[in-house]
Every structure is written in C-alpha cells, then in structure tokens.
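These are notes for a colleague opening this entry for the first time. They deal with the ligand site and the metal ions.

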Amino acid sequence: MISIKKVKQLNSEELRMYITEALIHPDMLVAAGIIILFLLLLYISVKYLYQKPSAPEDTSKELLEKVLDRSNESALALSASYQVVYLNTPMIKLLGLTPNDASRQISQSIRIKVKKRWLELDELIESEMAAFGLNQYDQGRTQLKIQGKNTLPVTMHIIKNIHVDDEWKYIVTFQDFRYEEECRALAHRHNVTKLPNQNQALEDLNLLFAKTHLIKGKIVLIAVEIDNFLKLRSLFGYKQSTKIIIKLANYLVSRSEKYAFSVYHMYSNDFLLVMTDVEDTQTALDFVAELQTELMKFYKMQDVRMYLTASVGLSIYPDSGNTRNLLDNAYKALSEAKSHGHGQVHLFMPEEARFVFDELTLYNEMHLALENNEFELYYQPIVDAKSREVISAEALIRWIHPVHGMIPPDAFIPIMEKTGFIIEVGKYILKEVLKQHKRWELFKFKQIPVSINASMIEIECGNFFEEVEKKLEENRVDPGLITFEVTEGKAMESEKSTLNVFRKLQKLGVRIALDDFGTGYTSFSYLKKFPADILKIDRLFMEHILVKSEDQRIVQGMIELAHNLEMKVVVEGVENQQLADLMASYGCDYLQGYYFSKPLPSFEFQKLLR
Ligand code: C2E
Ligand code: CA
Ligand code: CA
C-alpha cells in the first residue's frame, strides 16, 4: 500500500501501473468487496427509511385537490376506466350539480362538441388523444353539454397519465365563457329592441362578403330611417317615440321571413335589412313599397293617427359595385333619399361612387387650391340684343387642377356651399373681379359691369354688405360696375333681413340679378317685392323654344312681366342666330350664350373689349 500523498506525487504512467497492480492485488480486492457491500446496505436502508413511513400519494392528492378547489377553472379527475373520481367546486357549479349529484356516473352525461360531433369524455380521450398519442389535449372554444341542461361555451384541457393516486389517471379542466358571451351578446344587440345592432351587422356582413363567390344571386342592403324622428321625439317624448321604434322593429321582423332578410337595428331610428341570394331585386323594391304604405297607417296615439314616413337607401351587389363599399353605399343612398324630402327611396348606382369619391377628394383639396391660386375666373360676354355689342360680362369660376385639369363649377360649387367654404371663395372672386376692373381701367379697356354669382350662404353670412362696400371703397371701383346674381329658387326663400342686404347694395349702386329665372315657382306678387334689377331667363327655355309654342308664350310672358316691374331681361343659353333673333323680337334686352362666346380667360375676353 502507498500513502495518498505518494499517489499524488506519481506521474500519469506510474499511476496507471499502480491502479492495474492494485486492482489485481488480492488484498485490494477484499477491501473493494467490503466497500461495495457497505454501500449497498446503505442504499437499501435509505430507500426503506424514506419510502415506507409517510404515504406520499395521499399527500400530493390532497394537495392537488386543494389547489384545484381554489382555482377558478373547473376541473375534474377521471380514473383509467373514465369514472369521475374528483370534481372541484367550480366544476360542480359549472355542470349545475349539487354535491350529491356529483356521482361517478356523470362522465357519461358530459358531452363535448369536437369537430361538429358530440363526444363523451372517454370517447374524446380515445379518439383524439389516443389516436395521436398525445399526453395533453387542448380544445379551443366549443360547447359543453350535460344531459338535460343547456349547452355552455367553454374551452377544455386534458392531461393524461397522472400518477397522483391509483385512481387519478386524467385531469380535465374547462374554462367557462358564459360571462364573455353575455357581454359580447350585449355589445351586439340594440338595447331598446334587442335586435342585432351595428356591431353584429358589421361582423355578419364581413362573413357574408367573404363568401360572396358562393352566392349565386345578389345581395341587397336596405337602410331604413324614420323621417323627422327628432321632431317626433320632441313632440311625443322619449317613451312614445321609443314605442314607435319598437313597433317598426316588430313589423320588420314579422316580414323578415316572407322577404328573406335579416334585420339589424343600427342606430336610434335607423334599421338595416340584409337580403342574400336575391334572384330578383324587384322583391326588395316590393318590400320597400309595402313598408311605405304600412308606415302610413302605422301609429295611432290617443286616437290621433300619425303618418310616418321613412327614407330608404338601397345598394345592390354586384349592380352598385363591389362588396367593399356596399354598406357605405346603402347609407349614401339613404342620405341622397333624405336630401329629396320625406318618404323617398334611392338606389345607389356606380357613377355615384366616382362622384362621391371625387367630392371627398375635391373637398380635401380645395383649401390648398385657393392658396395655390388654382381658381381662375372666366368671363362670358353679355351682349345688347339690338346692337349685339358687349355690354357686360358674367364671371364664372374655374378650377385649374394640377392633375385633373379644368374642373367645372357644378362639380365643386355645391360642395363649397355645403361646407361653407363658398364664403371664403366668394371673397376671393370679388377681389379678383375688382382687380380686373383696375387692370382694364389702367390699360384703357372699355369699362363694363361684371356679374358675380353669389350663393345665398354668402349673403346670409352676416356682413356681406359691409364686406362689399369696404372692398369697393378700398379699390375705388364704381359700384355700378358690379352685379350680383342670385338664383331664383334660393333667393325666394330669403328672409326680410336678406332682402335688406339686396336693397342696401342697390342703394350703393350695385345691381342685383335674379338668375335661372323660370326654374322656380315665383309668384308675381313675390317678384314684385324682390329687389332685382335684372331677370335672367334660364337657358332651359332655349332648348325647345324654336319648336315649342308653349315655351315661346312663357318666355314672352316673362319678358313682359319683368318689364312691367322695370327690370332688364337677359336670356341665357343663346346658342344660335335664330334664337338670338327670336329673343330680340320678343323685346329681350340682353343675350348671353355660346352663339356669342363661351366663357373665356380674362386675357382672351379683353380682346372683345377693344
Ligand atoms: P349660371 O350662373 O347659370 O352660369 C351660366 C352657365 O351656363 C355657365 O356654366 C356657362 O358656361 C353656361 N352657358 C353659358 N352660355 C351657354 C350656352 O349657350 N349654352 C349652354 N349649354 N351653356 C351655357 P358654368 O360656368 O359651368 O357655371 C355653372 C354654374 O356654376 C353657374 O350657373 C353658377 O350657378 C355656378 N357658378 C359659376 N361660377 C360661380 C361663382 O363664381 N360663384 C358661384 N357662387 N357660383 C358660380
Ligand atoms: Ca349666373
Ligand atoms: Ca343662370
């Protein structure tokens, strides 16, 4: 034997020799045998000491039960033969059992929906888990059903091969989604009528549109809105007006089967009907007609019959365009219907899509356009009917768009009027006309009055007169060189204060022309009160006047009427010599139209003034 110290001093070759020698030395072999025996005894006694006295399965089972009982998740344990051996408290609640019910037999009464099949737990474990050799199994949102009870929305998780107790083989847990589903349902129902609301409509339509390729027929969306609802509400109060809504909802639902549509209650007085796979769109129109007549005899309150009307907007796939904008288009159609009064129906057609798109872009761009000087005034001559000399001009705005080129005023003036931007633009136009007058004065052109088209919105805005007076003064332009044209229909609606604006302008020397005359319904007595200097007969009359004696009589009458009221008359839309001569023979004072000249840019127009 050598000491440890010595062993440490040996080099590797010597060490190898020493071990070989030692292993085959008889004394060493005896010593090694004793050591191994000792270790074996130690191992057996330790194993015996630590395994035997405390039953470990029981402890961990109790522990696990405690943990599961405290969990919010519903859990149960199954034996190898699929008997329920444990249910935690949430599971007893979830399954709607009393602790006594919670017998071992219930595993057969629990069914889970997996891929459209209702499976018992054992079937599920054998078909799904065994087939794929899984130790864990997850089932996303599905339904749980216990015999004789309602189905419940749940997700499920199964763990296999549990070695907790001889009995526990599987743990099955469920997560309950009833609360979420209730919240979701609330968010998808209208609180008054409990009908599916706009959230549901959006989801359903997305689903529907995703499979349009499977639908042979058309899709029709019908947006229905009770007219004047706010007024109704203020007249009859919240309770009664809500009754009307509920009654309409019930009526729509009652017709939904016959006409095969789904009803959505979108906003307070607004419903959406969705028809899918429609063969003949006439069905939709038939229903709309029925709805309108039904509404007429709809509501009786304290023996007073109320005549309700609804505005209706329709959009049809594929006729009105693709599904992407189908819903928006139904509402655009509704808005269009509403703009024509009560009880109107409007069907969205694709040309409107382009127009509406343009309207929005134009609106977005017009502010910058004003800053960038993209607006330009064109001038159209107005000639004396007898001498055919240019006696005045009408300023007509053009938008020279950097991308779209020249945009005619009819495309953007209505948007400017709707948004009030016309006030800003109106000031710009007046400024430009005054500048033009100064230039013509400076370069010794003939000074003629210029007519400016003014929207009623500008005139009603409050300080129109003061603005005009100030600008005329600042630029030192004779007020007699300015005429404001206002369209007949709109001018006739004006209030006393607006009429005063016209009168003050006239006092200043500015002239007022009543534009597009003959298109409205002005009575003679009203015309008498309206302070106009000039009457402009609409160009509509020029279209058929050469062949239509009725139009001839009307125009003659209008000229006579104007003259009786000491107004001068301009006829618009004179496109040929025959018309010009006929109008002159009627005693018309001035003529305007393409026969003389189209509207021209100022540098072109001023050549006419030389
Ligand atoms: P309006 O005031 O009735 O203007 C006359 C319109 O008739 C002009 O169209 C003119 O180009 C067109 N016209 C003139 N002679 C003939 C003709 O012989 N035959 C035919 N078929 N048409 C003729 P424009 O320039 O497109 O203007 C359309 C409307 O836009 C104007 O109708 C006016 O209501 C509005 N508008 C134009 N400029 C302005 C403006 O500066 N301010 C405001 N508020 N409105 C404007
Ligand atoms: Ca005009
Ligand atoms: Ca006109």
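1. Strands, labelled E, are DSSP runs of at least two residues, and helices, labelled H or I, are runs of at least four; both are numbered from the N terminus. The model is predicted. With those labels, strand E16 gives four residues to the shell around ligand 1, the largest share.

2. The shell around ligand 1 holds 22 residues, and Gln380, Arg398, Arg539, Glu575 and Tyr594 come nearest. By class, nine are nonpolar, five polar and eight charged.

3. Three side chains make polar contacts worth checking by eye. Glu575 places a polar side-chain atom 2.6 Å from a nitrogen atom of ligand 1. Asn453 has a polar side-chain atom 3.0 Å from an oxygen atom of the ligand, and for Glu394 the distance from a side-chain N or O atom to an oxygen atom of ligand 1 is 3.1 Å. On its own, ligand 1 has 800 Å² of accessible area, of which the protein covers 87%.

4. Ligand 1 occupies the space of the largest pocket. Elements giving two or more residues to its shell are strand E16 (390-401), helix H13 (409-419), helix H14 (421-442) and strand E20 (511-517).

5. Which residues coordinate the calcium ion (ligand 2)? They are Glu394 (OE), Asn453 (OD1), Glu485 (OE) and Asp515 (OD), at 2.1 to 2.3 Å. Along the chain these donor residues are spaced E-x58-N-x31-E-x29-D. Distant parts of the chain are linked here: Glu394 belongs to strand E16 and Asp515 to strand E20, 121 residues apart. Glu394 and Asn453 thus appear twice in this note, as donors to this ion and in the polar contacts with ligand 1, Glu394 at 3.1 Å and Asn453 at 3.0 Å.

6. The calcium ion (ligand 3) has protein donors from Asp515 (OD), Asp516 (OD) and Glu572, the last listed with two OE entries, at 2.2 to 2.5 Å. The spacing of its donors is D-D-x55-E. Asp516 lies in strand E20 and Glu572 in the loop between strand E22 (568-571) and helix H21 (577-585), so this pair ties together parts that are 56 residues apart in sequence.

7. How far apart are the calcium ion (ligand 2) and the calcium ion (ligand 3), and which residue coordinates both? The distance is 4.0 Å, and the bridging residue is Asp515. When viewing the metal ions, start from Asp515, since it coordinates both.

Key
Residues are numbered from 1 along each chain as its sequence is written. Chains are lettered from A and ligands numbered from 1 in the order in which they are written. This is a predicted model: local features need pLDDT of at least 70, side-chain atom pairs count only at pLDDT 80 or more; totals for chains, interfaces and linings use all residues. Side-chain values use heavy atoms; hydrogens and water are left out. A residue is near a molecule or strand if one of its heavy atoms lies within 4 Å of it. A polar contact is a pair of N or O atoms within 3.5 Å; within protein, one must be able to donate a hydrogen and the other to accept it, and residues adjacent in sequence count only if both atoms are side-chain atoms. Accessible areas come from the Shrake-Rupley method with a 1.4 Å probe; for residues, only the protein chains shown count as cover. On a 1 Å grid over the protein atoms alone, a cavity is a set of points where a 1.4 Å probe fits but cannot get out, and a pocket is an open set with protein on both sides within 12 Å along at least five of seven lines; lining residues have an atom within 4 Å of a point. A molecule sits in a cavity or pocket if more than half of its atoms lie within 2 Å of its grid points. Ala, Val, Leu, Ile, Met, Phe, Trp, Tyr, Cys and Pro count as nonpolar, Asp, Glu, Lys and Arg as charged, and the others, Gly among them, as polar. Donors are N, O and S atoms within 2.8 Å of the metal (3.2 Å for Na, K and Ca); water is not among the atoms, so sites may look incomplete.
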